[in-house]
Amino acid sequence: MISEKIVNNLSRSSWIRAMFEEGAKLAQKYGADKVYDFSLGNPYAEPPVEVTEALKKYVLSEEKGLHRYMNNAGFPEVREKIAKSLKNQSGVTLTQQNVVMTVGAAGGLNVVLKSILNPEEEVIVFAPYFVEYSFYADNHGGKTVVVPPDVTTFEPDLRAFEDAITPKTKAVIINNPNNPTGVIYREEKLRAIAEVIERKEKEYNATIFVISDEPYGEIVYDNFKVPSILSIFKNGIIINSFSKSLGLAGERIGYIAVSSKIEKVDMLVDALTFCNRTLGFVNAPGLFQKVVGDALEAKVDVEAYKKRRDFLYDHFTRLGFECVKPQGAFYLFPKAFMEDDIAFVKRALKYNLLLVPGTGFGCPGYFRISYCVKFDMIENSIDAFAKLAAEFK
Ligand code: PLP
């Protein structure tokens, strides 16, 4: 009855869902306050006041046409604001012609992949990676090629990357700051990646796009900066959303911004606009395009996330977990005390701890904690983590 491919995909994508279902069972048995659910990247934080103010303004406005279709790429004035803001950050000239509003980063990634992929072309991702990438590539006839992780830094391994490029490589996806590690790829690393790509493009007489997925770009700590990919990669495409930076995950609003240096960039933007339409999104939600246009300079309380990161990182290192200190996003990716991360995550259930195995991100032996949750829950969970760690002492 159901497509065989989807049945197969359902079993591959079940980790976060399995944890979610497990959590519901545990909450029923022990009470929700006794369950420590670190499985979902669903921000607890409310949107900043700029968002609610803008929302009120537009909902109550007399402006006509607010709720009608617009250009499939989105409202020109909102795209212009985004182009200006990106130009201020990167120094690279952009106009509204470089920007397409999308249904979140997920919508944006699908629109880009639909626009560029021919059947069987390859999309390179660096483990650990956001598991949906492989489903998105597959949606549009592409094949995902996974570069194994460098677990010392969780930055891309250049040698392994070069080995992964073939004449069929069409795109590379980077995710900065990274889900699940919280690592920000440094500018030197990105420049080294760009050098490899340029060399391979010449060798294969091909175009390789670099798609930089940046929904956590505003959630960075300790003055770290996310390097601007538009000044590093000739064929750079930014994917961004307001799900995390403005706490609007349920409203499905984001954008694609393409580098002006891409050959035939106008044709690419036409393709993106067409695919936004024909994938059935038609256009990004109109009301929220306007809202984020007004609230572009606002962001959620990053200090509140930093407090969570510091608290968890300090306790985890004290308890003997090995992990890289996250520079951004709201995830921690420690090494499990067992090689079998799935068995480890099952063991954690004994203490009502819901974690996601690294296997789900192409990186076995590790597990992910999502700390975009209430601080009380984090504080109360430390005892459970201590008991779990004690089993392996
Ligand atoms: N990319 C990464 C790395 C994510 O973690 C997520 C969501 O968690 C997305 C994309 C999708 O975000 P959006 O809600 O903007 O579609």
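Trainee: Which residues surround the ligand most closely?

Mentor: In this predicted model, 13 residues surround the ligand, and the closest are Gly104, Ala105, Ala106, Ser241 and Ser243. A residue counts as near if its C-beta atom, placed from the backbone, lies within 6 Å of the molecule. Helix α5 (residues 104-116) gives the largest share of this shell, 3 residues.

Trainee: What makes residues of the shell nonpolar, polar or charged?

Mentor: They are sorted by class: 5 are nonpolar, 7 polar and 1 charged. Gly counts as polar here.

Trainee: How do you know that the largest nonpolar core lies between the domains?

Mentor: Look at who contributes. Domain 1 (4-47 + 300-390) and domain 2 (63-294) both give residues to this core, so the core lies between them. The core has 104 residues, and Val112, Ile256 and Ala257 are among those with the most contacts inside it. Helix α5 gives the most, with 7 residues.

Trainee: Why is strand β8 called largely enclosed?

Mentor: A residue is buried if 20 or more other C-beta atoms lie within 10 Å of its own. In β8 (residues 254-258), 5 of the 5 residues are buried, so the strand is largely enclosed by the rest of the structure. Gly254, Ile256 and Val258 point one way, while Tyr255 and Ala257 point the other way.

Trainee: What makes β2 and β8 a pair?

Mentor: Pairing needs at least two bridges. Strands β2 (residues 99-102) and β8 have 4, in the antiparallel sense, so they qualify. One partnership joins valine 100 with isoleucine 256. Isoleucine 256 also touches other residues, including Val112 and Leu272.

Conventions
Residues numbered from 1 in each chain as written. Predicted model: local features only at pLDDT ≥ 70, side-chain atom pairs only at ≥ 80, totals over all residues. Helix = DSSP H or I, 4+ residues; strand = E, 2+ residues; numbered from the N terminus. Core = buried A, V, L, I, M, F, W, Y, C linked by C-beta atoms within 7 Å. Buried ≥ 20, exposed ≤ 12 C-beta atoms within 10 Å, placed from the backbone. Domains from an automatic or database assignment. Contact = placed C-beta atoms within 7 Å. Lists of a residue's contacts leave out its neighbours within four places in sequence.
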